[in-house]
Amino acid sequence: MKANFKFSNLCGTVYQQGNIIFTPDGNSVLSPVGNRVSVFDLVNNKSFTFAFQNRKNIAAIALSPDGNILISVDDDGRALLVNFRRGVVLHHFNFKKPVNAVEFSPNGSFIAMTHESHVQVWKTPNHLVREFAPFILHRTYTGHHDEVLSIEWSPDSRCFITTSKDMTARLYTLDPLDGFRPKTFAGHKNAVINAYFSSDSKSVYTVSRDGAVFTWRAKASDDHSSDDEDQRLDTSTSRDPLVADVRWGIHQRHYFNQPNTKVVCSTFHKSSGLLIVGFSSGVFGLWEMPTFTNVHTLSISQEKISSVAVNTSGEWLAFGARKLGQLLVWEWQSESYILKQQGHFFDVNTLAYSPDGQYIATGGDDGKVKLWNTRSGFCIITFSQHTASVSSVQFASQGQVLFSASLDGTVRAFDLVRYRNFRTLTSPSPVQFSCLAVDPSGEVITAGSTDSFEVFLWSVQTGKLLDVLAGHEGPVSSLAFSPTTNVLASGSWDKAVRVWDVFSRSHAVEPFQLNADVLSLAFRPDGQELVVSTLDGQLTFFSTELSKQTNIIEGRKDISGGRKVDDRVAASNNASSKAFTSVAWSADGSCVLAGGNSKYVALYDTREGVLIRRWQISENLSLDGTEEFLDSRRVTEAGNIDLIDDRGEASDLEDRIDISLPGVQRGDFSKRRYKREARTKCIRFSPTGLAWAAASTEGLLIYSVDDGLSFDPFDLSIELTPQSVLATLQKQSYLEALVMAFRLNEKTVLNRVYEAIPYEEIRLVVRQLPTTYVPRLLGVSAEVLERGPRLEWGLRWIRELLSAHGRWIRERSVELASVLREVKRAVSAFEGIVAQLCDENTATLAYLIDQSRVKEDAEMLLDNPNAR
């Protein structure tokens, strides 16, 4: 079995904190999710998450105007410079102080970022040149007396305006000018959160937290202000008249008049003059500037809107709500949603793959059951009938029914065709269900309780309780039906596993005694072996035919996680994380995947009993348990800094108030501060064997087989530049040039190489192409065919690809479904065009033939008048 799984996507979490941005083409949204960045393609209806991770949760992101460079900065000011098109980290940099905002200049040459009360401007590094120290500081700007909140560049990239908590905005020039002093925009009564230039740069709009919008314009020549601004400045031909000569003054004052609410975020679309404002009540409004005409005001969330963005065309608005984890894209002209996604409000407890591997069902502490599409990464339906935490979910064998068990004492069955809850199963007396199992036929469903230590059996069709299995002396922790035989295995905290023959008249029970509490169990796909994980960190294997133990794996050292902030012992001596809480077999039954209350997931070979590979699910230091050793620099006389409650320093009143009650969140309430732990609650293998998923603290992590790890001789070359690709193309080494262009991943270079390959060389290039690049070549072929005039040449590429690699494509039809749909769309579009053209030509030819016949008849009549 292949073990080259790598991180491919993050579902279950769509937004956590930070700012949301659109790509330059306006078709995709970038959203920070913890210490990662997710990209939502709104046109192709799919999403993906970059594999790189920041050290802590991301506070701000920015994308260059050409869409090549992405910079993400975490809460501590540590930044990653990333090649956005390839998802490769180019450089790490530490700004040494928290950053509130990062902005690229419109020409892409500079990066401006906040640095507490200062602003730093850095030269943009080149993403195509390898540099030792790519970050070069241009200038540091001072003048604000409190924390800087935002930065806005002028359209010509020669100046920028900053806003601060000191209730002012200041205008700076990029380069120093003789006699120029930064302009100060004062007059607001609360923190100024944003400032914007108008499209003609003749007006400046400032937005404050208390709901005031001031319009600033040039003062008349006879107006007088303070002594500092009365000094006439010398004018020169090299000086920017917008900055150096304009004396700004308040032209108009406007107010939003939203009672009992404050402005949280805003953005401005220059070409249309549209000001979009998000309020703390979940309401957003659109105002047309400079007339301040309210276009509309709508409520789209129950909590405050944390971030807002507008795309290049001004049609789509993106909103992020931090508290609910919502990401919304709204088309304001048609008043309709383009995207509406929300993750689980609390942790994800359980997950299950559909039989075809295309969908994943998750259940969380918020009582919701969500269904995710593995290809697009989007949630397609949410069931919210449960009133307490969902403990287990499982699909029926046909895949059209989903079952869920909850601590509210119900087991529910959902129809995935009509999207409704068609069956609700309960026990005679109220109990809490902790686990669930469905027999292979899908007719019988079982659930284990934590209160009465019993296992309940129901008929799915009638909804009647068939039987109650008693015998355990502790809470039932796990249930599983054998895939081949009608036996049910149940594990409990009473250190026993019981195998029930539930469909025979004898109701025979085969008990297996273990040395510790049973946490999880699973049957091998052929039903011949059972794996059990216990509290002492062992994986024990039992043969169901021989009813005896066949193997044991000691996994305490493999699963041992990091040290928590309040731990008094080292991570190696901490027993709390040294057990597997979830196990799953691979599709071929040769390996077992296991995860627990730590940052690691382990894959074992069951025959040899050895560890094959171990993955670290998170490197986020904002979570507890990700560090192997505590940082002594964060330990003070008052204790660890991370344990000190700093909620009282929050700027908003609702963030300062502690409204928590005992029982509403997990953790030790004797602590001064609660910190989320890095752990894995559920592990499942995909039925295809090409992916596995983990329900972790950060969301639903999906790992898939990395086909790119196969040997590629082009990886050995480090001189991979556009010049070297074009030089290879000039040598007529078409295959090598094409593969190099794919490795470089520059769209312009790739299209140039693709279109330069002669028609007669297409078959040879396709037959020798490594299969790793087949999906990408299919996508490029479909895109060029859709927008290009070379019909026969484009169809030749697609035909040769399907002929040479048809079997390989058929085996991966599920993974390549999106690419194949693009190909089908492109070919179908041309089919319609050609059919229409043929119909028009047929009609034209028929008309010409008729006209020629009429002409011949007329000539015959002229030549022989008596023929009539």
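Helices (H or I, at least four residues) and strands (E, at least two) are DSSP runs, numbered from the N terminus.

**Ground rules**

I'm working on a predicted model, where local features need pLDDT of at least 70, side-chain atom pairs count only at pLDDT 80 or more, and totals for chains, interfaces and linings use all residues. Residues are numbered from 1 along each chain as its sequence is written, and side-chain values use heavy atoms, with hydrogens and water left out.

**Entry: loops with odd backbones**

I started with Pro-290, which sits in the loop between β24 (283–288) and β25 (293–299). The peptide bond from Met-289 to Pro-290 is cis, with omega near 5°. My textbook note for this: most residues other than glycine have a negative phi, and most peptide bonds are trans.

Then I looked up positive phi values. Ser-157 has a phi near 65° although it is not a glycine, and it lies in the loop between β14 (148–153) and β15 (159–164). I had to fix my terms here: buried means under 20% relative accessible area, exposed over 50%, and partly exposed in between (1.4 Å probe, protein chains only). Ser-157 is buried, at 4%.

Lys-495 also has a positive phi, near 65°. Its loop runs between β43 (488–492) and β44 (496–500), and Lys-495 is partly exposed, with a relative accessible area of 37%.

**Entry: the whole protein**

How many helices and strands are there in the protein? I find twelve helices and 58 strands. Of the 868 residues, 52% count as buried. I took contact to mean heavy atoms within 4.5 Å. Among contacts between residues at least 6 apart in sequence, 48% join residues at least 24 apart.

**Entry: strand β34**

Next I picked two residues from β34 (residues 390–395), starting with Gln-394. Gln-394 is partly exposed at 25% relative accessible area. Leaving out residues up to four places away in sequence, Gln-394 touches seven that I jotted down: Ala-352, Val-401, Leu-402, Phe-403, Leu-436, Ala-437 and Val-438. Gln-394 and Ser-354 are 40 residues apart in sequence, yet 8.2 Å apart in space, C-alpha to C-alpha.

Ser-392 is in β34 too. Is Ser-392 buried or exposed? Ser-392 counts as buried, at 9% relative accessibility. Beyond its neighbours within four places, Ser-392 contacts Thr-350, Phe-403, Ser-404, Ala-405, Cys-435 and Leu-436.

**Entry: helix α5 and its sides**

I moved on to α5 (residues 722–730), where Pro-722, Ser-724, Val-725, Thr-728 and Leu-729 are buried. They cover an arc of only 165° around the axis (taken from the directions from the helix axis to the C-beta atoms), so they are on the same side of α5. General reminder: an α-helix has 3.6 residues a turn, so residues three or four places apart point the same way.

The face turned away from the buried side carries the exposed Gln-723 and Gln-730. The buried residues of α5 pack against α6 (734–744) and α7 (747–756). After α5 comes Gln-732, with a positive phi near 65°.

**Entry: nonpolar cores**

A nonpolar core is a set of buried Ala, Val, Leu, Ile, Met, Phe, Trp, Tyr and Cys residues joined through side-chain atoms within 4.5 Å. The largest one has 38 residues, and Leu-738, Val-753, Leu-777 and Trp-797 touch the most other members. Which helix gives the largest share of this core? That is α6, with eight residues.

I checked Leu-777 by itself: not counting residues up to four places away, Leu-777 touches Leu-738, Phe-742, Tyr-754, Leu-769, Trp-797 and Leu-801. A second, separate core of 19 residues includes Ala-3, Phe-7, Leu-701 and Val-705.

**Entry: rings and cysteines**

Rings of Phe, Tyr and Trp (its six-membered ring) pair if their centres lie within 6.5 Å; planes under 30 degrees apart count as stacked, over 60 as edge-to-face and the rest as tilted. I get 44 aromatic pairs. Phe-214 and Trp-216 have ring centres 6.5 Å apart and planes at 50°, so this pair is tilted. Both of these residues, Phe-214 and Trp-216, are buried.

Last, I searched the whole structure for disulfides (pairs of cysteine sulfur atoms within 2.5 Å) and found zero. For Cys-379, the nearest cysteine sulfur is that of Cys-11, 9.4 Å away. Cys-379 is buried, at 14%, whereas Cys-838 is partly exposed, at 41%.
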